[in-house]
Amino acid sequence: MTRAFNFCAGPAAMPDEVLRQAQEELLNWQGRGMSVMEISHRGSDFEQLAAEAEADLRELMAIPAHYKVLFLAGGARGQFAMLPLNLLGDNRQADYINSGFWGNYAIQEAHRYCDVNVAADGISSNYTEIPAYETWRLNPKAAYVHYTPNETINGLEFHWLPDTGKVPLVADMSSYILSKTIDVTQYGVIYASAQKNIGPAGLSIVIIREDLLSRASPLTPSIFNYTIQAENNSFANTPPTYAWYLSGLVFKWLKRQGGPEAMAKVNQRKAEKLYQVLDNSALYISPVAKNSRSRMNVVFQFKRPELEALFLQEAEANCLTYLKGHKAVGGIRASIYNGVPETSVDALVKFMQYFEHTHA
Ligand code: PMP
C-alpha cells in the first residue's frame, strides 16, 4: 500500500515508523495480551509509560525542573478557557495579541473571563503579517500576555520572541511546538494540542512555570485546574491514554531524528523548497509578508483563481491530499509539520511546477 502525501493541517501526518510500531503493539502491548488502550491508567505499567513520555518531552525541550508538564484532554480550544481560569488570580486584566484566526479565537474565549486588552492586532495587513513589536501596547499590570507563535490558518509565524518584561508570556504552540529549539524559560505557560507536530488528537500538553500555579478561580472545574492536575500527575481523571502512548512514541522518534534542533533544519529546508516555487512563479502568489512566513503552514493563492479547483482536483489524483486552504482565508495550504516527510514536499514541488508549466 502506498501512503498518501498528507498535508492535513491537523490531525496531521504521523511518522510511518511510529504507526508501524503502534500496529505491531496493538493487540499485545509489552506481552500483556492486550492493547495499551485496554489497560488501567492506574497501573504501574501505564504510569511508567506516562512518566517516560514526560521525561522524553522534558529532554527534547530542555524543560527545567521548576516547570510542570501536564497531559490534558480538551484540545487547544479547551486551553483558551483554562488559561484565564487558571492564571488570572485576583487580576482581571490580560493582554492578547491578535495575529490571526487562532489568536482571535483565544481572545473571544478570554472575553468571558477577563478584561482583554488587545495589545496588538494584525488587522491592518488583513493578518498577512505579524504585528511589529513597535506597535504593541502592553499593559504592565496584565496577568499574562497571550500570543500564537504560529498561526495555522493564516500561515504566519513569529520569527522573534516578544519581550513582555515581568508579565508572563503565554504561547499557544499548537502548530509550533517541537518544530525548532524553543527556550522554555522565556515562557510562563506553553500549551499545544497534539494533533499537529506531535500526532494524535485528544491530548494537549501544558508546560507551566510552578510559581504560576495556585491562582485558579474557584469556579474552575477540577479536571481543568492546572494545580490539581499537577498534583495528580495529570491523572485527576482518566487521561487520553492512547493519545499519550502515541505521543510517547513520537517523542522517541523525535529523539532518534536528533530532536528539535535537527527537525528545525529539515523544517526550514522543506518550507524553503515551497516558498522558492512561489517566489519564482507566474501563477502562484504567497499572500504572507516575507518576514512572517510560516515554516509549518505554507499558504498560497492563484493569479488566476479559476485554476484553484482544478489544482486541487489534479493534486488529489496524484495522492497529494488536504491542500485546500481553511475556508476563513481560502486558497491552498500545505501543512508540513515534523511528521510530514521531505519526500512529500518534493512531490508537491514537482506537482506545482508541472501544474504551472501546463496551465501558465
Ligand atoms: N490553536 C491553534 C494555533 C491551532 O492550530 C488549533 C487547531 N487548528 C487550535 C488552537 C484549536 O485546537 P483544538 O482543535 O485542539 O481545540
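**Figure 1. The cavity of the predicted model.** In this predicted model, a search of the whole structure finds 1 cavity of 30 Å³ or more. The space in the largest cavity comes to about 30 Å³. Its lining is made by A13, M14, P15, K196, N197, I198, G199, V250, W253, N338 and G339. Sorted by class, the lining of the largest cavity has 6 nonpolar, 4 polar and 1 charged residues.

**Figure 2. The largest pocket.** The largest pocket holds about 400 Å³ of space. Its lining has 20 residues, and those nearest the centre of the pocket are P15, D16, G339, V340 and P341. Two or more residues of this lining come from each of β1 (5-6), α1 (16-25), α6, α7 and α9 (342-359). Helix α7 gives the most to the lining, with 3 residues. By class, the lining of the largest pocket has 10 nonpolar, 5 polar and 5 charged residues. P15 and G339 line the largest cavity and are also among the residues nearest the centre of the largest pocket.

**Figure 3. Packing of helices α6 and α7.** Two packed helices are described by the angle between their axes and the distance between the axes. Helix α6 covers residues 241-257, and its angle with α7 is about 75 degrees, with the axes 7 Å apart. Helix α6 is therefore roughly perpendicular to α7. On the α6 side the contact is made by W253, L254, K255 and Q257, and on the α7 side by G259, A262 and M263. The residues of this contact divide into 4 nonpolar, 2 polar and 1 charged. W253, part of the contact between the helices, is also among the residues lining the largest cavity.

**Figure 4. The sheet of 3 strands and helix α7.** Strands of a sheet pair through backbone hydrogen bonds, either parallel or antiparallel. Here 3 strands form an open sheet in the order β11-β12-β14, with antiparallel pairing. Strands β11 (284-285) and β14 (332-335) are the edge strands, and each pairs on one side only. Strand β12, residues 297-302, is joined to β14 by 4 bridges in the antiparallel sense. One residue of this pairing is N297, whose bridge partner in β14 is S335. Helix α7 (residues 259-279) packs on the sheet and touches β11, β12 and β14. The direction of α7 makes about 15 degrees with that of β12. Helix α7 thus appears in several of these views: it packs on this sheet, it packs with α6, and it contributes to the lining of the largest pocket.

**Figure 5. The sheet of 7 strands and helix α2.** An open sheet is built from 7 strands in the order β2-β10-β9-β8-β5-β3-β4, and its pairing is mixed. The edge strands β2 (67-72) and β4 (115-121) each pair on one side only. From one strand to the next, the twist averages 20 degrees. At the β2 edge, β2 and strand β10 (residues 204-209) run antiparallel and are joined by 6 bridges. Within β10, R209 is the bridge partner of Y67. Helix α2, residues 44-61, packs on the sheet, where it touches β2 and β10. The direction of α2 makes about 125 degrees with that of β2.

Methods:
Residues are numbered from 1 along each chain as its sequence is written. This is a predicted model: local features need pLDDT of at least 70, side-chain atom pairs count only at pLDDT 80 or more; totals for chains, interfaces and linings use all residues. Side-chain values use heavy atoms; hydrogens and water are left out. On a 1 Å grid over the protein atoms alone, a cavity is a set of points where a 1.4 Å probe fits but cannot get out, and a pocket is an open set with protein on both sides within 12 Å along at least five of seven lines; lining residues have an atom within 4 Å of a point. Grid points are joined across faces, edges and corners, and a volume is the space filled by probe spheres set on the points. Ala, Val, Leu, Ile, Met, Phe, Trp, Tyr, Cys and Pro count as nonpolar, Asp, Glu, Lys and Arg as charged, and the others, Gly among them, as polar. Two strands pair if DSSP finds at least two bridges between them. Contact means heavy atoms within 4.5 Å. Axes are lines fitted to C-alpha atoms, for helices over the stretch in contact, and angles run from 0 to 180 degrees between N-to-C directions. Angles under 35 degrees count as roughly parallel, over 145 as roughly antiparallel, 65 to 115 as roughly perpendicular and the rest as oblique.
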